[in-house]
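Colleague: Thanks for sitting down with me over this one. Could you show me the model and walk me through the reasoning behind its labels?

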Amino acid sequence: MATFLYKLGRFAFRRRRFVALIWVALLVVAGVGAGTATPPGNDDFSVPGTEAQKAFDLLEERFPDISAEGATARVVFRAPDGQKMTDKANKAKVDEVIKDLTKGSDEIASVADPFTSNAVSKDGSTAYILTTYKVNAMEMDKDSKEALKDAGKKARDGGLQVEIGGDALEEMPEQGSTEIIGIAISAVVLAITFGSLLAAGMPLLTAIMGVGIGISSITALASTLGLSSTTSTLAMMIGLAVGIDYALFIVSRYRAELAEGREGEEAAGRAVGTAGSAVVFAGLTVVIALAGLAVVNIPVLSKMGFAAAGTVAIAVLIAISLIPALLGFAGKRIWGRKARRRKEETGSYASSDKPNAGTRWARLILRRPIAILALGVIGLGAAAIPAGSLELGLPDDGYQPTSSTKRKAYDLVSEGFGPGLNGPLMVAIDVKDAKDRKGSVEKAAKAISGLKGAAMVSPVTPQSYNKAGDAAMLTVISKYKPSSHDTEELVADIRDEADKIQADTGAEVLVTGTTAMNIDISKKLQDALLPYLALVVGLAFLLLMAVFRSVLVPLKAALGFLLSVVAALGAVVAVFQWGWGASLFAVEETGPIMSMMPIFMIGVVFGLAMDYEVFLVTRMREAFVHGESPSDAIVTGFRHGARVVAAAAVIMIAVFAGFIGSPESMVKMIGFGLAIAVLFDAFIVRMTIVPAVMALLGKSAWWLPKWLDKVLPNVDVEGEQLQKQLSTESSAAAQRQGDADDAELTRV
């Protein structure tokens, strides 16, 4: 591997115009393809294998007119103190809003009059209009959303409080601002790290190019592969992250090779042969983690994982081909002016022979490995304690900022009608094979209404049935808020009753709706967590074992990762579930942790963590293989790698931390979780616990059974075979030169 990449690096450096032209052509082709392709569709959000999805499919098949997939909006009115919504003047204002809604969009399926649909609170202070659309929220056109926003303005001007809830106003989060902030911070960190604007700009340029090719390719293939507008979200985040990291690693190694006196082409070849090998295998671990999201069997998540994995693969290819080509254009200008001037004056690019911060830190750890290891493990263990109380769920509008209209609508409905109305349950009853169709539906309604968590069950009327009469639909309102554990128990109780009803009558009773779907998604993600973790860690363990020719090093890497992820989950629980420091992060409402958070953190953080592990420990392995003692190899690894790994980690933390400022609670949670996880893993696990463990293990860290050594492929990431080949070629060249000199002397 290292020999092949060495040759590739030299070729790219030498034929830099050709290589750069190929990548520019790929970017143009991808851009043209994206520009001319059919726009990406919207998520067909399905969760195969869940009861909620089965019920949803049944309703869509038997009740085609209800637009089960369509968006909904709840326009909530609150009368001024001393008035009621049933007052003539207020009623007229609501009627006017109904007319405006009906006229405002062709996408509306129905608008329910609150005065005829029992949507006025008992005290008369609150009422709401339930509006359904023929399309889902992401497919709604801009005019429909503007009409919905404008509908209540007249009533609001007339003295009524008007708030809008539901999913109809949901939009894709705007991308760009967070990425720009991340790129700006990355530029500053890179400039400080390299001391050269040219060197700092190279990783940014290639990362943006890689993301551009990846996102454009996703857009171009969206229609063919059934990708959605959300598929590229994860690809953009991860592609930018690893693209900067991988380029940073190779540019840093190239400068180190130049500092040792090698010429540009040779330095580029060695940089790609060594650091490039680490990049390839680090990239493979990221691809494994992202592609492994398919284990969850949620199509949208699987597509996001595959798209992001493809973008990572592009980032790897750019790092090992385009980077050496750009290094060829840069030449020695990859160093700043001060370093080039120092080279002319002293013969060296290095500013001083004094040990750098990485060297000093490694030596400190070598002096006190047990104490530092214990401190790191105890610290992360303490941070992980709250993870034992982890409660998973999908937050509803009750977790929106209190200033948002969706949150205000949620609170008004809770006060006027009870919290359960914010997340009604839909019960689909298939009576096609029932002995007594009408009787089985009435029996189901009666059984459900008797459950302790049910506040209301819609009455069985002729409108409850479809046209064929072989299916019925009931609405169940919980006594509790949608995201509560009590509502989850109600859904479980309904399903228990459904089994009894089916056994007695032959009617199949299924529960769906947004609340039930969220419950089933959370359960599915929770069940997939351990298989996903086993797959990702297991495959990566085998890969790292081949890379490092060791059993204990990959085992230590995997255990360290688990420790950092659990500690990060503990921090997320402490802030977003328990409320510790909630005001510091502008968390207005605590509650269950987003069900996708653990598996998302595992996938993303594992990939980034293995980047740092591979780059740092490969440098140690390289030094050890080339004859250094285990302790000296640790110091060498940190002298060359610590600064680069620290810079890469700071960039990632800054990028992820930018999401903490989002008003969306879920986005805020993701940003905090990923930022704290990278902080724990990079600085506590990789740069503190790992060298302490390596120091204690000594030579045994590199132990590998002989039988296993024969079975595993020799990928030569540390460049041992490359070093031997170069030494042999150097000796042969020296011998040829010596023979030529002898011949010349003989002639003289």
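What follows is a conversation about how the descriptions of this predicted model are reached.

Colleague: Let's begin with confidence. What is the average pLDDT of the protein, and where is confidence lowest and where highest?

Modeller: The protein averages a pLDDT of 85, and 91% of the residues score at least 70. Confidence is lowest in helix 24 (residues 720–747), with a mean of 54, and highest in helix 14 (residues 369–384), at 95. Where pLDDT is low, the predicted coordinates should not be read in detail.

Colleague: Fair enough. Why is Ile129 called buried?

Modeller: The cut-off for buried is under 20% relative accessible area. Ile129 has 0% relative accessibility, so it counts as buried. This residue is found in strand 3. Leaving aside neighbours within four places in sequence, Ile129 is in contact with a list of residues that includes Ala73, Val75, Phe77, Val94, Ile98 and Val111.

Colleague: And what makes Gly581 partly exposed?

Modeller: Partly exposed covers the range between the buried limit of 20% and the exposed limit of 50%. Gly581 has 38% relative accessibility, so it counts as partly exposed. You will find Gly581 in the loop between helix 19 (552–577) and strand 10 (593–594).

Colleague: How far is Gly581 from Lys332 in space, C-alpha to C-alpha?

Modeller: They are 49 Å apart, with their positions 249 residues apart in sequence counted as separation. For Ile129 and Val572, which are 443 residues apart along the chain, the C-alpha atoms are separated by 37 Å.

Colleague: Now the helices. Why are helix 4 and helix 5 called roughly antiparallel?

Modeller: The axes of helix 4 (residues 88–104) and helix 5 (residues 142–151) cross at roughly 170°. Angles over 145 degrees count as roughly antiparallel, and helix 4 and helix 5 are therefore roughly antiparallel to each other. Their axes come within 9 Å.

Colleague: Which residues meet there?

Modeller: From helix 4 come Val97, Asp100, Leu101 and Gly104, and they meet Asp143, Ala147, Leu148 and Ala151 of helix 5. The residues of this contact divide into five nonpolar, one polar and two charged.

Colleague: On to the sheets. What makes strand 2 and strand 4 edge strands?

Modeller: They belong to an open sheet of four strands in the order 2-3-1-4, with antiparallel pairing. Strand 2 (108–112) and strand 4 (161–166) each have a single partner strand, so one side of each is left without a neighbour in the sheet. Neighbouring strands here are turned by 20° against each other on average, direction ignored.

Colleague: How do you know that strand 1 and strand 3 pair?

Modeller: Two strands pair if at least two bridges are found between them. Strand 1 (residues 72–78) and strand 3 (residues 126–133) share seven bridges, in the antiparallel sense. One example is Thr72, whose bridge partner in strand 3 is Thr132.

Colleague: Which other strands form an open sheet, and in what order?

Modeller: There is an antiparallel open sheet of four strands in the order 7-8-6-9. Its edge strands are strand 7 and strand 9, each pairing on one side only. On average, neighbouring strands of this sheet are turned by 30° against each other, direction ignored.

Colleague: How many bridges support each pairing in it?

Modeller: Strand 7 (residues 454–457) and strand 8 have three bridges, and Ala454 stands opposite Ser478. Six bridges join strand 6 to strand 8; among the facing residues, Asp430 has Ala471 as its bridge partner and Ile429 stands opposite Ala472. Strand 6 (residues 425–430) and strand 9 have five bridges, with Ala428 partnered by Leu510.

Colleague: Why is strand 9 described as largely enclosed?

Modeller: Five of the five residues of strand 9 (residues 508–512) are buried, so it is largely enclosed by the rest of the structure. Glu508, Leu510 and Thr512 point one way and Val509 and Val511 the other, and all are buried. In a regular strand the side chains alternate between the two faces of the sheet.

Colleague: What about strand 8?

Modeller: Six of the eight residues of strand 8 (residues 471–478) are buried, so that strand too is largely enclosed by the rest of the structure.

Colleague: Which helix lies across these strands, and at what angle to strand 9?

Modeller: Helix 3 (residues 51–62) lies across strand 6, strand 8 and strand 9, running at about 105° to strand 9.

How values were computed: Residues numbered from 1 in each chain as written. Predicted model: local features only at pLDDT ≥ 70, side-chain atom pairs only at ≥ 80, totals over all residues. Heavy atoms only, no water. Buried < 20%, exposed > 50% of the residue type's maximum accessible area, 1.4 Å probe, protein only. Helix = DSSP H or I, 4+ residues; strand = E, 2+ residues; numbered from the N terminus. pLDDT = per-residue confidence, 0-100. Axes fitted to C-alpha atoms, helices over the stretch in contact; angles between N-to-C directions. Parallel < 35°, antiparallel > 145°, perpendicular 65-115°, else oblique. Contact = heavy atoms within 4.5 Å. Nonpolar A, V, L, I, M, F, W, Y, C, P; charged D, E, K, R; others polar.
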